[in-house]
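Here are my notes for you, written as numbered points. Keep the viewer open while you read, and look up each piece as it comes along.

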Amino acid sequence: MDSIKQYFAFVRPYWKTIGVTVFIGILKFGLPLMIPLLLKYVVDDLILSDQLTSEEKGIQLAWVMGAVFIIFTVVRYPIEYYRQYFAQLVGNKILYDIRDRLFAHLQKLSIRYYHNNKTGEVISRVIHDVEQTKNFVMTGLMNLWLDFITIIIAIGIMMYALDFWLTIIAISIFPLYGISVKYFYQRLRALTRERSQALAQMQGHLHERVQGMTVVQSFALEDQEQKQFDKQNQHFLKRALSHTSWNAKTFAVVNTITDIAPLLVIAYGGYQAIQGNISAGEISAFLLYLERIYGPLRRLVNSSTTLTQSIASMDRVFELLNQEKDIQGGPRTLEQRKVQGSVQFKQVDFQYNVDSARVLRQINLDVSPGEKIALVGMSGGGKSSLISLLPRFYDVSKGAILLDGVDIREYELEGLRQNIGMVFQDSILFSDSIRENIMMGNTGATEAQMIAAAKAANAHDFIMELPQGYDTPIGERGVKLSGGQKQRVSIARVFLKNPPILILDEATSALDLESEKMIQDSLERLAKDRTTFIVAHRLSTITHADRILLLENGQIVEEGSHLELMNKRGAYYNLYQIQQLDQ
């Protein structure tokens, strides 16, 4: 029920449109309720009448049917059109609002959430589950009320315009509907949720494998991966069949109950007609009204199935929307490029989860504005973890990080991150044009500024050789560009951002020597007069750093310039010598 309450917050702005849609719907479903009375009139007052001649009957029939044809051809069209249009309009606007809110929420969740959840499952909730909730609007807030009102109006006409006791007989099985709904739909909601979860798991698995198809094919793992996908597919099939089986039982019971009502009416109505207490026209009208009652009643019961599926999806949507944001911004604003660039790590400890081991231990570090700090050491030493704390992708477990003397947790997240530029080993580009990827660094930049940034990154020349220059689409994750080209576009993006603090996370380690030399030149220009943190595997690329920190097991074990550490002949010296021998 909490999910439904939250959903109504998105529905509330459209109450007036929903009210208009329901009113138009009442007209739509109300018009056909005239047909049984029309049939009674034609049978009893025209066909079986002894007071009118055949010619008079024909004239009256022509006038009545002419009026009815005008109503059903001229009036019915706009009613039908506007009901469908407004219903779809409201449903789609609500889904738009929910997806918009979800995406804004996703951007505020920490990196920890994305490390713990598959991308495909998140996408499934935003796309599939949100789409399923549309049925709650279309069915629950519109059709459900229309069917209910239709039933009430039909019962009222049957009681007061036809026969009271025959109406009581016709609706006597209503309680059986209530019992069946209560029995079946509690279980159906749980099965629907399990089915949606299984679908999300399969989508997550598929998304991961499609992204890693080069690995699958390079290791010739097609047969093994087919078996893995079959397991996911089988899991979803079992959940889907369990849901289908229970749903089929529901329909079987409901339709069986529905078929009893006409039999009761025919038996009792036939007896009353034999006794002369009811006319043939009344029985005919009654049988038509039964369809007007039990058609909507079937839809009401079927709607319960649809609503159950919708509410199960709603639960999953709001489970995501209610996911707690574990990284909260502070109250202090921080304008872009207004930072001096002094950074202090004070007694910093860090662990990814409460029950996991510490990744960083007692880190103390003072960095002056414009200083270049290199972080080196074996994999798993804590280098990448350390730099991920500065833009608050994660928060420290103990201690504090100060920027210009203020704890970074005091700053607004947007302002903090606007002052930090990052270049990663795996350059993440989007499938837009090169222009749009570079402009992400500063969406308000001019064309000249963008080109200047590309030139500073040694990217302008190769961009101009592409078929559409800066407007060339680069494919998902920049697949149409080489590794060096992607990296230069990423560097151009940071040049355009022009941040006072720079983080380079093994930005050249995956490149060939020629590309590395070109990009190293770009990075040196980029790092000029900026506080810079460099994570490097190849020590030859960081000998120019002001200070080098050697991390082992989450602790700083050596610190100094390249010459100082070489003269010390400690762990850094040994690591450097090993790399020189390898080269």
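1. Let's start with a hairpin: in which sense do strand 4 and strand 5 pair, and over how many bridges? The pairing is antiparallel, over 2 bridges. Bear in mind from here on that you are looking at a predicted model. Strand 5 covers residues 406–407, and D407 there is the bridge partner of L402. Between the two strands sit 2 residues, and D404 in this turn has a positive phi of about 55°.

2. Strand 4 has another partner as well. Strand 4 (residues 398–403) is joined to strand 1 (residues 343–350) by 5 bridges, and these two run antiparallel. If you want one pair to click on, try K346, which stands opposite A400 in strand 4. As a general reminder, strands of a sheet pair through backbone hydrogen bonds, in either the parallel or the antiparallel sense.

3. A400 and D407 turn up again in the next stop, the empty space inside. The structure holds 1 cavity of 30 Å³ or more. The volume of the largest cavity is about 40 Å³. Its lining consists of L389, D395, V396, A400, I401, D407, I408 and R409. How do we find such places at all? Rolling a probe the size of a water molecule over the atoms shows where empty space is left.

4. There are pockets to look at, too. The second largest pocket holds about 250 Å³ of space. It is lined by 17 residues, and G377, M378, S379, G380 and K383 lie nearest its centre. Which helix gives the most to this lining? That is helix 12, with 3 residues. Helix 12 (383–389) and helix 20 (571–582) each supply at least two residues of the lining.

5. Now for an open sheet. It is formed by 6 strands in the order 6-7-8-3-9-10, with mixed pairing. At the edges you will find strand 6 (420–424) and strand 10 (555–560), each of which pairs on one side only. On average, neighbouring strands here are turned by 15° against each other, direction ignored.

6. Stay at the strand 6 edge for a moment. Strand 6 pairs with strand 7 (residues 501–505) in the parallel sense, over 5 bridges. V423 stands opposite L504 in strand 7. Lying across both strands is helix 17 (residues 483–497), which runs at about 175° to strand 6.

7. Helix 1 (residues 2–11) is a nice one for practising buried and exposed. S3, I4, Y7, F10 and V11 are buried in this helix. Why do they count as one side of helix 1? Because they cover an arc of only 105° around the axis, they are on the same side of the helix. The face turned away from the buried side carries the exposed residues D2 and K5.

8. D2 deserves a second look. D2 is in helix 1, and its relative accessible area is 57%, so it is exposed. D2 and F318 are 316 residues apart in sequence, yet their C-alpha atoms are 9.1 Å apart in space.

9. Finally, zoom out. The protein chain has 20 helices and 10 strands. Of its 583 residues, 46% are buried. Among contacts with a separation of 6 or more, 79% are between residues 24 or more positions apart. The pair D2 and F318, 316 residues apart in sequence, is a handy one to show on screen when you talk about separation.

Notes:
Residues numbered from 1 in each chain as written. Predicted model: local features only at pLDDT ≥ 70, side-chain atom pairs only at ≥ 80, totals over all residues. Heavy atoms only, no water. Buried < 20%, exposed > 50% of the residue type's maximum accessible area, 1.4 Å probe, protein only. Helix = DSSP H or I, 4+ residues; strand = E, 2+ residues; numbered from the N terminus. Arc of directions from axis to C-beta. Pairing = 2+ DSSP bridges. Axes fitted to C-alpha atoms, helices over the stretch in contact; angles between N-to-C directions. Contact = heavy atoms within 4.5 Å. 1 Å grid on protein atoms, 1.4 Å probe; cavity = no way out; pocket = protein on both sides within 12 Å on 5 of 7 lines; lining within 4 Å. Points joined across faces, edges and corners; volume = space filled by probe spheres on them.
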